[in-house]
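Trainee: Could you take me through one part of this model up close? I'd like to start with a single helix and see what surrounds it.

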Amino acid sequence: MTAPPTTMETARRGTTTAPPPATDRPRRQDAAHETPAAARPARQDATHEASGAARPTRQDAAHEALRTARPGEPGALTAGTLAAGADGVPRVLDRCRALVRPALEEAVGRIHPWIGEMAAYSFGWCEVGGAPSVASGGKGVRQALAVLGAEAAGAPERAGVAAAVAVELVHTFSLLHDDIMDGDGDRRGRPTVWKAYGTGPAVLAGDALFALAVETLAAEPGGAGAVRTLSVALGDLVRGQADDLLFADRPWTGPERVRPDEYRAMAEHKTGALLGCAAALGAVLGGACPETVAALDRAGRHLGVAFQIVDDVLGIWGDPRVTGKPVHGDLREGKKTFPVLVALGSPMGGRIAGLLESGDAPETAAALIEEAGGRSAALAEARRHITAVETALADVPPTDRAARAADELRSLLDYLVRRDV
């Protein structure tokens, strides 16, 4: 993603340059952002890879609805899947992080030392100035998807390491630029890179990480195909980002309003593309056939949409004690989320739009959106995408290694949809 223009004369180490004016548009909802909700109540992130200790499972009605779907209903989560999500995911993430971390450190060590320091700061490895840090660098879900993608192709886990490094670098690059575009000053309880080092340096660091990701893939056997896969995902990511920014300026009602199908496409591009790319890249470097690569990409894309839509529900009706965000926070910020867009198309849409435009009575707006079917439609949509993930994984050829990897991918499905990550 591109960042706004900056003045390079201000790009001095330690100089904090204000980002471009945020304008009056609502802050963007981003599944790519990985931040503990409690640390930054104002943001809603679909990619939230918060750190460290596991946080409580959300007991919100949205997740309860997903959990209690009857067998055979779209998106029903079985007891076995839930157990895998609760018990197996931390082990999977720990295994993949331990495998990838040395290669990620080696890659960062190849770039300019100052830029490398900013990268290390963003990963939680150091403080400003380079002193070692124990800050969170995220749980590493994308790294795990890349490693599991290679294993799903029947390859050893190490075949997915370069893919994991590349995806982590690209994801971090996107966060550095996103924070500038959003004007966000905090991430994971610390100042964002542009706040700590300045806008110009943060843009430069993001550009360097993107270039390093391409270099990392290109150096691998089969790297040309991997770079092509990454390029497609990045094109979709930018497309989704652009649509999301434009949605904020479109009216609530009338022929120019945002439609649910437009939202689905935006969420797939912005949130799902990089998740799908992570699994697909591991498979490409693992020597998978095109059909397996495509199946894993589809699984990741549907996973991203499901996670984004569940996050939409929680952004309106989530328990603040769990989400760390004020109740009805998304309505106060005027976000065009899936439940809202569905409700606006109902006979009650005009009244809901009036409340949203005025910013008054978010409690009333939330009740009307639920009465208009926005909440139930969003949960049904999330279930459909969960089912699509399962269908895509069923298309992966059944070898012993692939079967284990697919089971672990299913555990990540539950983890991403039902927990703060």
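Mentor: Sure, let's start with helix H5, which covers residues 161-182. Its 22 residues stretch 31 Å from the first C-alpha to the last, close to the 32 Å expected at 1.5 Å a residue. Keep in mind that this is a predicted model. What stands out for H5 is burial: 22 of its 22 residues are buried, so the helix is largely enclosed by the rest of the structure. Just past the end of H5 comes Gly183, with a positive phi of about 70°.

Now, what touches H5? One way in is through helix H3, residues 113-123. Ser122 belongs to H3, and leaving aside residues up to four places away in sequence, it touches Thr172, Leu176, Arg188 and Val193. H5 runs over residues 161-182, so Thr172 and Leu176 among those partners belong to that stretch. Ser122 has a relative accessible area of 13%, and because the cut-off for buried is under 20%, it counts as buried.

H3 itself has much the same story to tell about cover. Of its 11 residues, 10 are buried, so H3 too is largely enclosed by the rest of the structure. The buried set includes Trp114, Ile115, Met118, Tyr121 and Phe123, along with Gly116 and Glu117. Just after H3, Gly124 takes a positive phi of about 85°. A little further along the chain, Cys126 is buried at 5% relative accessibility. Cys289, by comparison, counts as partly exposed at 33%. If you were going to look for disulfides, the structure holds zero.

From there, let's move on to helix H9, residues 260-285. Thr271 sits in H9 and is buried, with 2% relative accessibility. Its side chain makes a polar contact of 2.9 Å with the side chain of Gln308. Helix H10 spans 290-317, so you can place Gln308, the partner in that contact, along H10.

Between H9 and H10 there's a loop, and Ala288 is found in it. At 19% relative accessibility, Ala288 counts as buried, since the limit is under 20%. Its contacts, again skipping residues up to four places away in sequence, are Ala153, Ala283 and Val293. Ala288 also has Pro397 at 9.8 Å, C-alpha to C-alpha, although the two are 109 residues apart in sequence.

Stepping back to the chain that these pieces belong to, it has 17 helices and two strands. Buried residues make up 59% of its 421 residues. Among contacts with a separation of 6 or more, 76% link residues 24 or more positions apart. The chain exposes about 15,700 Å², with carbon and sulfur atoms supplying 57% of that area.

One last thing to check is confidence. The mean pLDDT of the chain is 80, and 77% of the residues reach 70 or more. Over residues 1-63, though, the pLDDT is below 50, and the model has 215 contacts for that stretch beyond near neighbours in sequence. Residues 67-86 also stay under 50, and there the model has 30 contacts beyond four places in sequence.

Key. Residues are numbered from 1 along each chain as its sequence is written. Side-chain values use heavy atoms; hydrogens and water are left out. Helices (H or I, at least four residues) and strands (E, at least two) are DSSP runs, numbered from the N terminus. Buried means under 20% relative accessible area, exposed over 50%, partly exposed in between (1.4 Å probe, protein chains only). Contact means heavy atoms within 4.5 Å. Accessible areas come from the Shrake-Rupley method with a 1.4 Å probe; for residues, only the protein chains shown count as cover. pLDDT is the predictor's confidence in each residue, from 0 to 100. The expected span of a helix is 1.5 Å times one less than its number of residues. A polar contact is a pair of N or O atoms within 3.5 Å; within protein, one must be able to donate a hydrogen and the other to accept it, and residues adjacent in sequence count only if both atoms are side-chain atoms. A disulfide is a pair of cysteine sulfur atoms within 2.5 Å.
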